[in-house]
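Biologist: Please take a close look at a single part of this model, namely the surroundings of the position that carries a UniProt annotation. I would ask for one connected account.

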Amino acid sequence: MTTEPDSGPVQVLIVEDHQVVAEGLSALLDEHPGLHVQGWAPTVADATRSAEQERVDVAVLDFWLPDGSGVDAAAGIRQHRPEAAVVFVSADDSDQAMIAAIEAGASGYLIKTASGEEIVEAVLRASAGEMLIPASKLHELLTRSREATRERSGRAQALASLTTREREILAMMSKGLDNREISTRLNIAYPTVRSHVRKVLEKLGARSKLEAVVKAAAAEEPEGAHLEDESPAD
């Protein structure tokens, strides 16, 4: 491991898999006399390796990377540089991504539409130990997160309240079958199907079959699926 100087420009590691974006960030940050971009890492593995070999004062991270997320990269960097500050610059403006970044110890989270001045200021302030996410924003994010958790819990409870027959009919609804087709498939009377469908809609708090199917799908989606399954192009 290299010996770290006690002073000098803030050493910045850019973790971004798009070379054009990385080069733009590097040129922007290197223009400031108090900053020096010591390297570019396009993957979580490269970021971890770079932190092991070189001093990192601030890591500027994209949220989505080819072999994981910026959260994974932050953890890898801090294995070797626990004092390093972390600033996310990402195209993902979802609550889930921002909360995950905050939980990973990020000092700031900027969207890629942020100005160059805002990015430079964020890196400088993060290097000084400042928290760039206002308390009001944190409160807003956490409130929305708790509300989303309650909604998921409510949907899951509603789905669990369905009888076996109602679940069977809901599954056929999700395949686009109408009431008469369901009646034929299950060999039950048409009025009985209509009664079951009404109960399914009532239990799920839906006004239509389509809404019932959407709510059921949302209830079955694992928490955090957005972060695991969606990687928006940055």
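**The annotated aspartate and its neighbouring strands**

Modeller: D62 lies in the loop between β3 and β4 (64–65). The model is predicted, and the annotation comes from a record: an unreviewed UniProt entry lists D62 under "modified residue: 4-aspartylphosphate". In the model, D62 has a relative accessible area of 1%; because the cut-off for a buried residue is under 20%, D62 counts as buried.

Strand β3 comprises residues 58–61. Its side chains alternate: V58 and V60 point one way, whereas A59 and L61 point the other way. All four of these residues are buried.

Strand β3 also has pairing partners. Strand β1, residues 10–15, pairs with β3 in the parallel sense, over four bridges. Within this pairing, L13 has A59 of β3 as its bridge partner. Strand β6, residues 85–90, likewise runs parallel to β3 and is joined to β3 by four bridges. Here V58 stands opposite A85 of β6. A59 thus appears in the pairing with L13, and V58 in the pairing with β6.

Further along the chain is helix α4, which spans residues 95–103. Its buried residues include A97, M98, I99, A100 and A101. Just after α4, G105 adopts a positive phi of about 90 degrees.

To return to the request, the annotated D62 is a buried loop residue, and strand β3 is joined by parallel pairing to β1 and to β6.

Technical notes:
Residues are numbered from 1 along each chain as its sequence is written. This is a predicted model: local features need pLDDT of at least 70, side-chain atom pairs count only at pLDDT 80 or more; totals for chains, interfaces and linings use all residues. Side-chain values use heavy atoms; hydrogens and water are left out. Buried means under 20% relative accessible area, exposed over 50%, partly exposed in between (1.4 Å probe, protein chains only). Helices (H or I, at least four residues) and strands (E, at least two) are DSSP runs, numbered from the N terminus. Two strands pair if DSSP finds at least two bridges between them. UniProt positions are given in the numbering used here, feature names are shortened, and annotations may be inferred rather than shown by experiment.
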